[in-house]
Amino acid sequence: MRGQPDRPPISEASPDRLCAALDGQPTYRADQLRQALFRTSATGFDQMLTLPAETRAALDQQFRFESLRLLRAQRSTDGTRKALFHTWDGAAVETVRMPTERPGAATVCLSSQAGCGMGCTFCATGALGLTRNLTAAEILDQFLYVRRRASRPAAVDRAVFMGMGEPLANLPALETAAARLAGAAYVGLSARRVTVSTVGLPAGIDAMASWGLPLGLAVSLHAPDDGLRATLAPIARRFPLPALMEASRRYQQAVRRRVTYEYTMLAGVNDARAQAVDLARLLRGQRCHVNLIPFNTYPGAIFRASARPRIRAFRDELRQRGVPVTIRRTRGRDISGACGQLHAGMLAAGAGTRRSNGAAGGRAARPAAGARP
Ligand code: SF4
């Protein structure tokens, strides 16, 4: 898929652009088109059978149906599926489909950037640098690719921005993609089923609060103090905890939802009881929930995962202090544990996937996946 494409992807086309493409046709045609595009299993214009054949042919001449090309897929024994896509210019994008507790239902873990420039020291992606921001279509098409190929598309009903990249460093594309995922005229997920995970950019959190969508917000905290946090997530030097906590509180008030704090458990680094006490103090008075994430190691990682008893003790300490907390279930451990590793593995094998500032990407603590997405 190299070379500048001659047609734009249809999933991010504006309403005016779609209307122009349907010029001279009945007004209900635009609704039919959006329905076929965002809500059905059609994997090409030729399968949008609610539209006349000449309309499908005209759309095919004006737009690309999908902006991503599947390069590789893996499937875990636990049902998690992971896909590596290429964009038109060869940027690598990883997407994970995770089964949920509800039978047949699934969540899609989306990447917002190819690589990541945030440099978190516990993350495979962070070691690799940023290739580029993804476009809104490249984000949306990850979700649509998975949903269109599901046996029950409607059961793929959650999206989390927890893949490669920092979503709040790509705000325009994130806003368009989130609005379409949660828009009644588009994919139509409940905004409550779309969660954006950030390493902690206060201005981006404020921007999200202004969108009028009650999206879920997950803040990657990983430490209860700025000193330690800065060693794990260097961006914390620019945005220390007081500014981050204020932005988080503003978000809680604006959207009337609790915020999730993600805390990757690293052996001997951030998993002491005293740190749980500090964390409870930091979060006092907030509408929040803490998600303890067992570290998903990867080749070259400089950290080790906390032992299970240690994680449980940390959880219990938080609970005793009134902080709602759960331990995240790990998924897809048998298939390149962390996000970014599918890409990394292909690079190591000389498969020729493109890299710019570095190599592969992905959050070390993110769930991993498997075969057909
Ligand atoms: S944890 Fe997230 S923000 Fe940090 S380097 Fe990894 S992908 Fe980027």
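Start with the whole chain: residues 24 or more positions apart account for 70% of the contacts with a separation of 6 or more. This is a predicted model. Colour by secondary structure and you should find 11 helices and 12 strands. The chain has 373 residues, and 49% of them count as buried.

**Stop 1: the ligand**

Select the ligand and show what surrounds it. The shell holds 12 residues. Label the closest: Cys 116, Met 118, Cys 120, Cys 123 and Gly 126. Now colour the shell by class. Expect 6 nonpolar, 4 polar and 2 charged residues.

**Stop 2: Met 118**

Stay with one of those closest residues, Met 118. Follow the backbone on either side. Met 118 sits in the loop that links β5 (113-116) to β6 (129-133). Is Met 118 buried or exposed? Met 118 counts as buried, because 23 C-beta neighbours lie inside 10 Å and the cut-off for buried is 20 or more.

Next, show its contacts. Leaving out residues up to four places away in sequence, Met 118 touches Gly 126, Glu 166, Val 199, Ala 233 and Ile 235. Gly 126 is also among the residues closest to the ligand. Then draw a C-alpha to C-alpha distance from Met 118 to Ile 235. The pair is 117 residues apart in sequence, but 6.4 Å apart in space.

**Stop 3: two residues with positive phi**

Select His 222. Its phi is positive, about 65 degrees, although His 222 is not a glycine. The residue lies in the loop between β9 (216-220) and α7 (226-232). His 222 is buried, because 25 other C-beta atoms lie within 10 Å.

Now jump to Arg 256. This residue is not a glycine, and its phi is positive at about 55 degrees. Look for Arg 256 in the loop between α8 (241-255) and β10 (259-265). How many other C-beta atoms lie within 10 Å of Arg 256? There are 9, so Arg 256 is exposed.

**Stop 4: α6 against α8**

Step back from Arg 256 into α8, and add helix α6, residues 202-209. Two packed helices are described by the angle between their axes and the distance between the axes. Here the angle is about 5 degrees and the axes are 9 Å apart. The two helices are therefore roughly parallel, since angles under 35 degrees count that way.

Show the side chains at the contact. From α6, select Pro 202, Ile 205, Asp 206, Met 208 and Ala 209. From α8, select Ala 243, Leu 244, Ala 247, Ser 248, Arg 250, Tyr 251, Ala 254 and Val 255. By class, the contact has 10 nonpolar, 1 polar and 2 charged residues.

**Stop 5: α9 against α10**

Move on to α9 (residues 273-282) and α10 (residues 308-320). Their axes come within 9 Å and cross at roughly 35 degrees. The crossing is right-handed. Which residues of α9 and α10 meet? Arg 273, Ala 276, Val 277, Leu 279 and Ala 280 come from α9, and they meet Ala 313, Phe 314, Glu 317 and Leu 318 of α10. This contact divides into 7 nonpolar and 2 charged residues, with no polar ones.

**Last stop: Ser 14**

Finish at Ser 14, in the segment before α1 (15-21). Ser 14 is exposed, with 9 other C-beta atoms within 10 Å. Draw one more C-alpha to C-alpha line, to Thr 176. Ser 14 and Thr 176 are 162 residues apart in sequence and 10.0 Å apart in space.

Conventions. Residues are numbered from 1 along each chain as its sequence is written. This is a predicted model: local features need pLDDT of at least 70, side-chain atom pairs count only at pLDDT 80 or more; totals for chains, interfaces and linings use all residues. A residue is near a molecule or strand if its C-beta atom, placed from the backbone, lies within 6 Å of it. Ala, Val, Leu, Ile, Met, Phe, Trp, Tyr, Cys and Pro count as nonpolar, Asp, Glu, Lys and Arg as charged, and the others, Gly among them, as polar. Helices (H or I, at least four residues) and strands (E, at least two) are DSSP runs, numbered from the N terminus. A residue is buried if 20 or more other C-beta atoms lie within 10 Å of its own, exposed if 12 or fewer, and partly exposed in between; C-beta atoms are placed from the backbone. Axes are lines fitted to C-alpha atoms, for helices over the stretch in contact, and angles run from 0 to 180 degrees between N-to-C directions. Angles under 35 degrees count as roughly parallel, over 145 as roughly antiparallel, 65 to 115 as roughly perpendicular and the rest as oblique. Two residues are in contact if their C-beta atoms, placed from the backbone, lie within 7 Å. A crossing is left-handed if the near helix is turned anticlockwise from the far one by less than a right angle, and right-handed if clockwise.
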